[in-house]
Amino acid sequence: EDAQNYINEIAGSVENISTYISLNDPVIDYLVNSKIEVANSRFINVKTIVDKSVIMPKINDYELCSIVGNILDNAIENTKSYGDMIINIGKKQCWGF
């Protein structure tokens, strides 16, 4: 419930959001898709690369939305109009850690 309230606060109405990506996590799907809508409204070209095998971390929805939302907000704020933004959701392998 807290996560949905947070998302509604930052993104508006669910009915108006298009689906660009789906990660089988309705909260993250909504958040990412709403951020893509924001980027599109600022004439930012968004490319998405999604590894469907990615499993979302086991943290509560509010924390995950806060982290992902902050990353996407920073990307949007630092991309000029008619610029390109790439959202790459995948696995990163860290060697030796």
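Contact here means heavy atoms within 4.5 Å. With that cut-off, I89 is in contact with I21, L23, I49, V50, D51, V54 and M56, leaving aside its neighbours within four places in sequence. The model is predicted.

**Overall layout**

The chain has 97 residues, and 34% of them count as buried. It holds 3 helices and 2 strands. From the N terminus on, the order is α-α-β-α-β. Among contacts between residues at least 6 apart in sequence, 65% join residues at least 24 apart. The chain exposes about 6700 Å², and carbon and sulfur atoms supply 50% of that area.

**Helix 2 and the core**

Helix 2 covers residues 26–41. Its 16 residues should span 22 Å at 1.5 Å a residue, and its end C-alpha atoms are 22 Å apart, so the two values agree. Many side chains of interest sit here. The buried residues of helix 2 are V27, I28, D29, Y30, L31, V32, N33, S34, K35, I36 and A39.

Which residues of the largest nonpolar core touch the most other members? They are I28, V32 and I87, out of 20 residues in that core. Helix 2, helix 3 and strand 2 (84–89) each supply at least two residues of this core. Helix 2 gives the most, with 6 residues.

I28 has partners well outside its own stretch of sequence: residues up to four places away aside, I28 touches L23, M56, L64, C65 and V68.

D29 also lies in helix 2. Is D29 buried or exposed? D29 is buried, because its relative accessible area is 12% and buried means under 20%. Beyond residues up to four places away in sequence, D29 touches I21, S22, L23 and N24.

A39 is another residue of helix 2. A39 has a relative accessible area of 0%, so it is buried. Outside its neighbours within four places in sequence, A39 is in contact with I44, V46, I76 and M85. A39 and D73 are 34 residues apart along the chain, yet their C-alpha atoms are separated by 9.1 Å.

**The salt bridge**

The structure holds 1 salt bridge. Side chains of opposite charge can pair when their charged atoms come close. Here the side chains of D73 and K35 meet, at 2.5 Å from N to O. D73 lies in helix 3 and K35 in helix 2, so the pair ties together parts that are 38 residues apart in sequence. The two ends differ in exposure: K35 is buried, with a relative accessible area of 6%, whereas D73 is partly exposed, at 28%.

**Strand 2**

I89 is found in strand 2. I89 counts as buried because its relative accessibility is 16%. I89 and S53 are 36 residues apart in sequence, and their C-alpha atoms are 9.9 Å apart in space.

**Surface and backbone**

Where on the surface is there a nonpolar patch? I59, I67 and I71 form one, with about 260 Å² of accessible area together. I71 belongs to helix 3 (residues 61–77). I71 is exposed, with a relative accessible area of 52%.

Most residues other than glycine have a negative phi. Some residues here take a positive one. N24 has a positive phi although it is not a glycine. N24 is found in the loop between helix 1 (2–11) and helix 2, and it counts as exposed at 71% relative accessibility. Y82 is likewise not a glycine and has a positive phi. The place of Y82 is in the loop between helix 3 and strand 2. Y82 is exposed, with a relative accessible area of 67%. F43, just after helix 2, takes a positive phi too.

The phi angles are listed here.

| Residue | Phi |
|---|---|
| N24 | about 60° |
| F43 | about 60° |
| Y82 | about 65° |

How values were computed: Residues are numbered from 1 along each chain as its sequence is written. This is a predicted model: local features need pLDDT of at least 70, side-chain atom pairs count only at pLDDT 80 or more; totals for chains, interfaces and linings use all residues. Side-chain values use heavy atoms; hydrogens and water are left out. Patches are made of residues with over 30% relative accessible area and no salt bridge: like charges are joined within 9 Å, nonpolar side chains (Val, Leu, Ile, Met, Phe, Trp, Tyr) within 5 Å. Accessible areas come from the Shrake-Rupley method with a 1.4 Å probe; for residues, only the protein chains shown count as cover. A salt bridge is a side-chain nitrogen of Lys or Arg within 4 Å of a carboxyl oxygen of Asp or Glu. Helices (H or I, at least four residues) and strands (E, at least two) are DSSP runs, numbered from the N terminus. Buried means under 20% relative accessible area, exposed over 50%, partly exposed in between (1.4 Å probe, protein chains only). The expected span of a helix is 1.5 Å times one less than its number of residues. A nonpolar core is a set of buried Ala, Val, Leu, Ile, Met, Phe, Trp, Tyr and Cys residues joined through side-chain atoms within 4.5 Å.
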